[in-house]
Amino acid sequence: MCGIVGYIGKRRAYDILIQGLHRLEYRGYDSSGVAMISEDGELNIYKAKGKVEALEHFAASKDLSGTIGIAHTRWATHGEPNDINAHPHFSQSGRLAMVHNGTIENYSVLKDALSSHGYNFISQTDTEVAVHLIEYIMQKNNCSLFDAVREATKRIVGAYAIAIVDKQNPDQIIAARQSSPLVIGVGEGEYFLASDATPIIEYTNKVIYLNDGDIAVINRGQELKVFDSNSTSESEIKITELQMSIEQLEKGGYPHFMLKEIFEQPKTLADCISGRISADGKRVTLSGVIEHKEKFLNTNRIIIVACGTSWHAALIGKHLFEEFCRIPVVVEYASEFRYSNPVVNPGDVLIALSQSGETADTLAALELAKANGAFVFGICNVIGSSIPRATHSGCYIHVGPEIGVASTKAFTGQVTVLAMMSLLIGQMKGTVSDEVVANVASDIRRVPALIKDIFKLNDKIEELAKIFTYAHNFLYLGRGYNYPSALEGALKLKEISYIHAEGYPAAEMKHGTIALIDNDMPSVVIAIKDNVYEKTVNNIQQVKARGGKVVAIVTEGDTIVADMADYVLEVPQIAECLTPLLTAIPLQLLAYYIAVNKGRNVDQPRNLAKSVTVE
Ligand code: F6R
């Protein structure tokens with residue numbers, strides 16, 4: 001949700017900033033902009049509504065010289081997406097330029113105070129208020145930019161990652177963070193700044209993750225200094241080595257990141273499983289769980305907090321933990337949990353599930369639980385992101401960078417980790433037999449190969465998508481482990497094709513939703529051979545009896561559903577608890593091809609951003 005890039009060094013800053021904006025475009029694409037101090041000392045800001053391409057077009061004829069600059073790609077929060085609200089923003093005198101990711105909650109109070117001192121505002125953004133405030137403090141206190149930023153951070157309430165340049169000091173960038181991510185890349189005589197490591201990896205693999213409250217002073221050719229905003233002493237700097245590769249950030253011949261990421265799943269799940277199931281297939285090892293095993297063995301309940309697709313994975317996690325560990329699980333939307341005055345006690349275990357590790361609501365929910373004495377455990381994808389750093393322990397899903405805004409490989413990675421975790425805890429607790437663990441663990445290892453098999457359906461699904469491209473509404477039905485799959489299938493379709501879709505527990509349909517069914521409303525029914533298979537078959541009959549069209553996802557060899565559904569997609573047999581890993585694939589492909597047929601921007605659907613760092 002908004003991406004920041006910065007550079008200071010020897011190269012032309014513009015090239016690095018633009019390339020970085022392309023890498024971060026998944027975080028927001030309402031507008032983008034750059035601020036650079038040119039060779040002749042001018043502070044130039046170029047910005048444009050829309051994608052980074054529009055900015056490149058606009059800036060092409062301008063002065064792009066200079067070796068210091070900051071840049072921003074925006075997901076609008078304050079003020080509509082237009083050129084004026086685009087970042088960077090100038091300070092009142094034009095001396096400073098600033099980019100910002102986050103939201104400043106007390107901006108209107110600050111704005112009123114600054115207005116009374118004669119400040120004028122061109123944009124509707126909270127960012128402009130912050131940069132005016134910083135300049136006001138500099139002038140009033142006759143202090144350095146660093147001191148002014150430090151003072152401003154005490155007056156600003158909210159979330160921010162900011163970067164500022166000063167026309168009068170072309171050798172310095174000041175950056176600060178509170179609740180929004182910021183990473184500094186350390187090169188040879190040059191520094192890179194970004195909201196995540198993806199714009200940095202092609203230049204250096206040495207990075208520093210700033211912590212909340214940190215202010216970084218980045219001086220050209222000098223050692224980086226980081227200060228805690230509340231103390232005068234310097235903070236210790238920890239350099240981390242990135243494990244990412246540039247190929248992971250490219251489309252690799254696929255038309256969209258989403259398709260690439262769907263097809264990557266055999267590999268990403270193999271990486272996710274790697275080293276975590278013993279050679280004899282009888283044990284699961286997750287060090288983050290084992291090191292804190294008494295927390296899981298002694299708890300009376302587990303709370304899982306998440307948003308969106310991660311929330312759907314959490315619902316599958318509930319089934320898994322309850323089946324194998326016999327521990328009651330509640331799954332909460334992080335945004336609801338944090339404001340619901342929840343009952344959380346020492347002894348509770350809270351799992352925060354998040355691909356990005358930056359989702360503001362999930363982060364706040366875990367902080368709340370931590371403050372109430374709960375043990376907090378993170379399951380995330382982005383290494384070094386805020387949630388893993390705020391938790392007591394956790395494990396990564398290791399599926400590599402997910403760039404497509406619609407989550408695909410992260411979902412299957414999350415479900416795989418939850419499955420392994422539930423087997424491990426169940427085995428330690430004695431609530432699941434060694435035989436069941438061995439069977440399910442061996443099925444987990446089969447998943448990558450089985451998914452490869454399912455890809456044989458690709459052409460069939462592409463054809464099927466043509467039939468349904470013009471439907472206005474869809475119903476997705478599933479039960480048990482695959483009720484969350486139905487929710488996830490519907491979300492995938494909604495977010496990338498803009499077709500209304502509803503996920504529903506199949507048996508609930510007859511309590512109201514069935515009234516919607518007619519010839520124009522297709523139902524996608526997950527009807528695999530599980531303990532409620534016959535009941536789901538009845539539900540399909542109920543849909544057919546009302547003239548509805550049915551696309552059924554069934555277990556290989558099923559003839560009963562094949563006889564009654566209009567279209568059938570077969571997935572291989574596997575342990576029931578793992579079926580969501582297989583049914584996810586045709587659901588992802590169906591949504592993808594329908595969206596492509598509709599001409600949608602699959603990787604960057606309207607109004608969305610990947611990393612939701614605002615409330
Ligand atoms: C949907 C999607 C979102 C995210 C949600 C949570 O495809 O990607 O619904 O799942 O914004 O994000 P994370 O997992 O990063 O916390």
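# Cavities, ligand shell and two backbone exceptions

Me: The second largest cavity has a volume of about 40 Å³; what makes such a space a cavity?
Reply: A cavity is a set of points, on a 1 Å grid over the protein atoms alone, where a 1.4 Å probe fits but cannot get out, and its volume is the space filled by probe spheres set on points joined across faces, edges and corners. Two cavities of 30 Å³ or more are found in the whole structure, and the largest has a volume of about 60 Å³. The structure is a predicted model, in which local features need pLDDT of at least 70 and side-chain atom pairs pLDDT 80 or more, whereas totals for chains, interfaces and linings use all residues. Residues are numbered from 1 along each chain as its sequence is written, and side-chain values use heavy atoms, leaving out hydrogens and water.

Me: Which residues line the second largest cavity?
Reply: Lining residues have an atom within 4 Å of a point, and here they are Ile528, Lys529, Thr555, Val571, Pro572, Gln573, Ile574 and Thr579. By class, this lining has four nonpolar, three polar and one charged residues.

Me: What lines the largest cavity?
Reply: Its lining includes Cys2, Arg74, Trp75, His87, His100, Gly102, Asp126 and Thr127. Strand S6 (96–104) and helix H4 (126–141) are the elements that give two or more residues to this lining, where helices (H or I, at least four residues) and strands (E, at least two) are DSSP runs numbered from the N terminus. By class, the lining of the largest cavity has three nonpolar, seven polar and two charged residues, with Gly counted as polar.

Me: Why is the ligand said to lie between domain 2 (247–432) and domain 3 (454–604)?
Reply: Both domains give residues to the shell around the ligand, so the ligand lies between them; the domain bounds come from an automatic or database assignment. Of the 15 residues around the ligand, those that come nearest are Ser310, Ser354, Ser356, Thr359 and Glu495, a residue being near if one of its heavy atoms lies within 4 Å.

Me: What makes the approach of serine 310 to the ligand a polar contact?
Reply: A polar contact is a pair of N or O atoms within 3.5 Å, and a polar side-chain atom of serine 310 lies 2.6 Å from an oxygen atom of the ligand, so the pair qualifies. A ligand oxygen atom is also 2.7 Å from an N or O atom in the side chain of serine 356, and a ligand oxygen atom is 2.8 Å from a polar backbone atom of serine 407. The protein covers 89% of the 400 Å² of accessible area (Shrake-Rupley method, 1.4 Å probe) that the ligand has on its own.

Me: What makes the peptide bond from histidine 87 to proline 88 worth noting?
Reply: That bond is cis, with omega near -5 degrees, whereas most peptide bonds are trans. Proline 88 is found in the loop between strand S4 (68–74) and strand S5 (89–90).

How values were computed:
1 Å grid on protein atoms, 1.4 Å probe; cavity = no way out; pocket = protein on both sides within 12 Å on 5 of 7 lines; lining within 4 Å. Polar contact = N/O pair within 3.5 Å; in protein donor to acceptor, adjacent residues only side chain to side chain.
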